[in-house]
Each structure stands twice: as structure tokens, then as C-alpha cells.
Amino acid sequence: MGNELRYIFLLETRRLLLLIGVVFGLFLFVQYFETSKSQVASTDDFPSRSTSNDPTVTNNVTQFSSSNFTDLNVASATNVIDNFDLGHIRTLNDTSNDDIELEDDPLLEDFVGVNHDSNIELGIASNTSVLLDHDGIGAVVPISERNEDKLPDPETSSVAKSPPNLISFPPQNPEINSSVSASPILPMVKDAENILQKNENPTNLKADSSAPTGGPSISSTKGLKGLKHEVATISKMNDMLLQSRISYKTEKPRWTSPVDQELLKAKSLIETAPIVESDARFDVSLYQNFSEFIRSYELMEQTLKVYTYAEGERPIFHQPPLKGIYASEGWFMKLLKSSKKFATKNPKKAHLFYLPFSSRMLEVALYVPDSHNSKPLIQHLTNYVQMIKTKHNFWNRTDGADHFLVACHDWAPAETRRSMANCIRALCNADVREGFRLGKDASLPETFVKTPQNPLRQLGGKPPSQRRILAFFAGNMHGYLRPILLSHWENKDPDMKIFGMIKKAKGQISYAQYMKSSKYCICARGYEVNSPRVVEAIFYECVPVIISDNFVPPFFETLNWESFAVFVMEKDIPNLKKILLSISKKRYVAMQKRVKKVQQHFLWHSRPVKYDAFHMILHSIWYNRLLQTKP
């Protein structure tokens, strides 16, 4: 009897344990799915503001309370809600297609003043180190960004109707619809070099379009199938520039300063400059008005003083890259800060005020890949301007008209078009259809620097008699235009070397060698109007053929681009060879000679040289500021 009871007891115990195990398993199963659902749902919810000083992680981004910041803890300006179109992906590979290996230089040398002792917390999403795949010549492209068909259609997406896969970047202020936001400047990044290694491939945002202001009307052109948009030709841009000088109005300074009279005097001296018909140092046909340019340049060297704001946390401020396609930002900042001639630490003596941010580092530090949300980037710059206005009175004197920025990222026009609307904006993405104002803004050359220690590496090319190739292009199929170009000319004509990406292979002609050996180098737009191929063509002494409607070429107010470059409307791609063959040999040789002459204006030097890229960018900003100055 005792054994039977013991057996029954053991049996029931086992059943009870089994039942407990099953119940526990079901509990874990249900808990797992409930947690997954809550995590998915949380991506669409705004995080609550914490009053603690400790950072919290939300959506892979480290959030901070406002007490972590001192310099920039000010109320922001009116909340700017701009939405970029993320239907396009621009990678580093869009910028160069030669097979020259980028040297493994220490990343410290790619930046201006890297502070390794900084204790700024990491604020970049962990998913920036996405799976990478080699594309073309060895540059890396996120595999997740290859499927462009999954991204929103720029023609159908809008602010009101977001694409279904849109995930919002967690805002600093949960009251999104409030007219005034008290959010602090967003968190900085501790180590910019590491971030760039992980995130070398920026996602392309298309800036909001805004109608060009002033000037004659822009004609609407219908060309190739599906290609229809308004076009401003180079001659119309010249008319727009002239009209802008007459009609552009700036408010008078709220209070006077001695620099105002200095600017007015310089402007008068330029307008009454003696006529110079020839100069042994220059080909005067390269310039819109050589007499004015030479006088303006001389006065700039004698007069101009620039004050650079010290405010702004690295790496977005004071730490731009010196290598790659955004190098113009870095080289300009580096050379201006070290300039004994132009830089001043006394703002009362300054004719211009420099906002020292990098549009590239803004994207690296604050944009969350695939978030389709530009608000953190725009808000960051808005907060910075508000801080500058609160801390200093220089901006308030002219409402920012004597302030300027230098930005080469595609998104810069949309990021700055409200908070920095009155500033002189030196932009690589210079599109008259998207808010670029001729006569106020300056077109910035997009230069691809491979080695900061020697930016002039491989400069030059073959003489005209040894250039056997009629036309050359190679590159990724970014944007709508390049596929059209290849559909008409790839493998269709032995004189037209039109390719996609050039794969690295032993014994194969490289991208640079093609440019050095071609008469004409095709500079077809990518996702935006600008392309580094324009400067690359000049670098390799190849006549640039610019196919990019509404693109304002660099130093437009100074250079006569039609004297050394060919402009082909996008609708005329089917007639490209006929257009090039219509140029006589004599005219081609003259144009190629002028390319070699104008080359000096597009080169970077570790120590600035007269009339080089640094001086020409500064002159464009100086000249446009003078023309805005009213008595």
C-alpha cells in the first residue's frame, strides 16, 4: 500500500511539473510577441523628454537632456518643417570613376583640427555601419540602398502623405506642431573619423523646390520621352544676373558701421574701373568683365576682413573633411582660418561673417539612414542661428546679409533656405529652380580631392593633337539623365566612349587616362545639377560638356563659361555627337587652351596662391556682397 501511494505521488508530481513547464513556456511565448509588437510600435512614437542628465537610447540614437549643453541652450526659432525627397541615393562613387586608389592616409589629416580629447557623446545611429558592397572601382555602397524602387516616388510623395515605410527621426521636442521649439542643439559626435569610415556613403535628399526669383521668365522645354521641365539657358542666366544687380533689394543696416563706407567705396572703384583690354597673365576672353574682376580682386586683397564664429560643436562645426567630394568645404575653412590677410578676430572690423559648418558632417552626424526625416538637420542649423543672434548682435545689424556659408552637400540648399535665407550661400548644388539666387548666392566648385597632402596629383593631360577620343563619360546611373545618355550612346559609336562604371582591371584604361586622352568630357548631372566631373575635366585639361539644365556653373558672375565649355540641353542628348562635331578644330583648340588657362582658378594649394580656388570662392562671396550694398 505504501509503495502504491509513493508511486501515485511521484506520478502526480511529474504531471504537475509538466503542467507548470507548459504554462511557463506559453507565458514566454506570449511575452516574446508582446515585446516585439511594442518595439515596432515605439518607432512611430515620440520619446518622452527626460529630466535627467543621463543619455537615453531611442531608435538607436542617443538622446540628451538640454542640461548637457551650455553654449547652445537657447530657444529655437520658428520650427522649420522641411521634408526632403529621399527617393535618390547618392554615394561617394558618384563623384569619381578613375581607378586611382585613395591613399590610406591617417584620417586625422582629412579634417580641420580634430580634437581627440573631446568627451562629446556619440549621437549617430548604430545602423550607419550597414552592410557594404564593392561597386565599380572599389568604392563601397550600402546594399540596403541599392533597391531604389522601394523608396518614395518624388512625384507622388509629399509632406501630407508620407510613404508607408517612412520612420520618423525622434524629435527633441514632442510638440512638433508648436510654432516655437525649445529643443537644444542635437548631440554631437565624438570621433568624426570613425563615423566617416562607417558612413562614407551619404543618402541623397532632394531639396524642396522653390521658384527662381527675378530675371526673365524661364522657358518650359519638352524633349525626350518623360523629360519635361523649365530650363534657363546660360544666356538667360546672364540676363537674370544683370537684372538681379538692379532689382535685388537688401535692408539697410539697423545701425551704421565704418565697414559700410569701406564697402561702398570699393563698389564705386569697381564700377569705375579702367578698361583693361589685355593682360599677359590672363586670357581676357575667359571673363565676363575682366576689368571689373581684376579691380575687384585687388580691392578684396587690400580691404576684406572675415570674422569666423568660434561657436559650434565639432564635428558639424570647425571640422570638415579635406578629402573626397566635399573637400571644398574643408579646404576653404582650413585656409580661411589660417589666413593672416583675410581673417580677423575683431568682429567690428569684419566685412563678412563666416558660419563654419560642414554640410557633409551635418548629414553624417544627425541623419538617420532610411529615416526620410530632414527635420533634425534643419532644426540644428536653425538653433545655431538663433544662438548666434542671441549671443551676438552682428547678425541682427543686417539680418544676416553680411554672413555667408560654404556648403557642398546636395541637401545644403534645403537645409539653409529658411534659417539662412538672407546669407550669401556658396553652394555646389547651384540650381536656379531650387532657390539659388543669382547675384546673391555663389556657385561653389565641387572638387574631388584624393590625397590632401598633394591635391594636385596627376594634374594635366595630353595636348589636343594626342587626344584621339571625341567624348568620354563613365559613372553610376544616378538620377534620370545618365540612363538616357547611355541608352543613346553606350557601345553605339567608337568615337563616343560612354560607359557606366569602369571596373578596375589590369591593362584597362583608367578613368583619369580617358579624361586625359579625350577632346570632350561629358559632365552629366546625377541626382542634382552639380557634378565633380566639371572640375575633373578642367583638372585633366579636357573641354567640359555640361549636360545639366539650370545648373549655375562655379564663379558664374566672373567667368565666361561659354568660352571654354560646351553646354548641351538635356533634350539634345540624341544629337550629342552632331553638336560636338559641329565645333571646328580651330575653335576646339582655342577652347582647350582656355581650359588650361582657367585651370588655376579650380586648384587647391596647401598655401593659397593668387587666383586659386580659395581666392576665387572668397572673391565670389565678396563681389556679391559688394553688389548688394546700397548707399
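The expected span of a helix is 1.5 Å times one less than its number of residues. Helices (H or I, at least four residues) and strands (E, at least two) are DSSP runs, numbered from the N terminus. The structure is a predicted model, in which local features need pLDDT of at least 70, side-chain atom pairs count only at pLDDT 80 or more, and totals for chains, interfaces and linings use all residues. Residues are numbered from 1 along each chain as its sequence is written, and side-chain values use heavy atoms, with hydrogens and water left out.

**Exercise 1. Helix H8**

Task: Compare the span of helix H8 with the expected span, and state how many of its residues are buried.

Solution.
Step 1. Helix H8 covers residues 375-391, which is 17 residues.
Step 2. From the first C-alpha to the last, H8 reaches 24 Å, close to the 24 Å expected at 1.5 Å a residue.
Step 3. A residue is buried under 20% relative accessible area, exposed over 50%, and partly exposed in between (1.4 Å probe, protein chains only).
Step 4. In H8, 13 of the 17 residues are buried, and the helix is mostly covered.

**Exercise 2. A sheet of five strands**

Task: Give the order of the strands in the open sheet that contains E15, and determine which strands stand at its edges.

Solution.
Step 1. Strands of a sheet pair through backbone hydrogen bonds, either parallel or antiparallel. Two strands are taken to pair if DSSP finds at least two bridges between them.
Step 2. The open sheet has 5 strands in the order E13-E12-E14-E15-E16, with parallel pairing.
Step 3. Strand E13 (496-498) and E16 each have a single partner strand, so one side of each is left without a neighbour in the sheet. These two strands therefore stand at the edges.
Step 4. Strand E12 (residues 469-473) is joined to E14 by 3 bridges, with Ala471 opposite Tyr520 in E14.
Step 5. Strand E14 (residues 518-524) is joined to E15 by 5 bridges, and Ile522 has Val545 in E15 as its bridge partner.
Step 6. E15 pairs with strand E16 (residues 566-567) over 2 bridges, where Val545 stands opposite Val566.

**Exercise 3. Strand E15 and its surroundings**

Task: Describe how the two faces of strand E15 are covered, and name the unit that E15 forms with E14 and helix H13.

Solution.
Step 1. In a regular strand the side chains alternate between the two faces of the sheet.
Step 2. On one side of E15 lie Val543, Val545 and Ile547, and on the other Pro544 and Ile546; all are buried.
Step 3. For the strand as a whole (residues 543-547), 5 of its 5 residues are buried.
Step 4. A crossover is right-handed if, with the strands pointing away from the viewer, the path from the first strand over the helix to the second runs clockwise.
Step 5. E14, helix H13 (residues 533-539) and E15 make a right-handed β-α-β unit.

**Exercise 4. Strand E10 and its partners**

Task: Identify the strands joined to E10, and say which way its side chains point.

Solution.
Step 1. Strand E9 (residues 403-407) runs parallel to E10 and is joined to it by 4 bridges; Phe404 stands opposite Ile424 in E10.
Step 2. E10 is also joined to E11 in parallel, by 2 bridges, and here Leu427 stands opposite Ser443.
Step 3. Ile424 and Ala426 point one way from E10, Arg425 and Leu427 point the other way, and all are buried.
Step 4. Arg437 lies in the loop between E10 (424-427) and E11 (442-443). Arg437 counts as partly exposed because its relative accessibility is 28%.
Step 5. The C-alpha atoms of Arg437 and Leu241 are separated by 8.7 Å, although the two are 196 residues apart along the chain.

**Exercise 5. Unusual backbone positions**

Task: Locate the cis peptide bond between Arg314 and Pro315, and place two residues with positive phi, Asp399 and Asn491.

Solution.
Step 1. The cis bond joining Arg314 and Pro315 has an omega of about 5°. Pro315 is in the loop between strand E7 (306-308) and H6.
Step 2. Asp399, which is not a glycine, has a phi of about 60°; its place is in the loop between helix H9 (394-398) and E9. With a relative accessible area of 32%, Asp399 is partly exposed.
Step 3. Asn491, also not a glycine, has a phi of about 55° and is found in the loop between helix H11 (481-489) and E13. Asn491 is exposed, at 67% relative accessible area.
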